[in-house]
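Please look over the chain shown below. The explanation after it goes from the whole chain to its core and then to one polar residue.

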Amino acid sequence: MHSGRIRNAGRGLAAVLAGMVLLAGCGGETTSQVTLDQLAGAAADFDGEMVEVTGRVETFEDPRHYWIEDDPQNRVAISPEQTVADRVGEEVRLVGRFSYSPEDGRSLEVDEEATAAANAGL
């Protein structure tokens, strides 16, 4: 009976530590959990913000670039590319700084430490 409590406490502690690392990785900034649909619908509102988002990794060869998308094909470009290059076709959770401009579209600069922390709690 006590071992179950200890195991559950350990999971809770892991989640708290992951959250602390997430905040530390972002310089103490809060990170908004958003959907790709939200980013597509109100991109300017999230410009410059730290966000956590999930989507399927896709790529195009010429020129080589990567993005994440959802089923309605809301897309966000990803940089640096090596953070997702080996995950094409997979669903991923990423944390990073979102940016939007009418000329360049939507993009996410992935914070690898914050992304690792967010995924540690899975």
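Accessible areas here come from the Shrake-Rupley method with a 1.4 Å probe. By that method the protein chain of this predicted model exposes about 7500 Å², with carbon and sulfur atoms supplying 51% of that area. Of its 122 residues, 30% count as buried.

The chain contains 4 helices and 6 strands. Read from the N terminus, these elements follow the order α-β-α-α-β-β-β-β-β-α. If one takes the contacts between residues at least 6 apart in sequence, 52% of them join residues at least 24 apart.

The largest nonpolar core has 18 residues, and those touching the most other members are Leu 39, Ile 68, Leu 94, Phe 98 and Leu 108. Two or more residues come from each of helices H2 (36–41) and H3 (43–46), and likewise from each of strands S2 (50–61), S3 (64–69), S4 (75–79), S5 (91–101) and S6 (105–110).

Ile 68 shows how these parts meet. Beyond its neighbours within four places in sequence, Ile 68 is in contact with residues including Leu 36, Val 53, Val 57, Asn 74, Ile 78, Val 92 and Leu 94.

One of those partners, Asn 74, lies in the loop between S3 and S4. Is Asn 74 buried or exposed? Its relative accessible area is 12%, so Asn 74 counts as buried, the cut-off being under 20%. The side chain of Asn 74 makes a polar contact of 3.4 Å with the side chain of Asp 37. Not counting residues up to four places away in sequence, Asn 74 also touches Leu 36, Ala 40, Ile 68, Glu 69 and Arg 106, among others.

Terms used: Residues numbered from 1 in each chain as written. Predicted model: local features only at pLDDT ≥ 70, side-chain atom pairs only at ≥ 80, totals over all residues. Heavy atoms only, no water. Core = buried A, V, L, I, M, F, W, Y, C linked by side-chain atoms within 4.5 Å. Buried < 20%, exposed > 50% of the residue type's maximum accessible area, 1.4 Å probe, protein only. Contact = heavy atoms within 4.5 Å. Polar contact = N/O pair within 3.5 Å; in protein donor to acceptor, adjacent residues only side chain to side chain.
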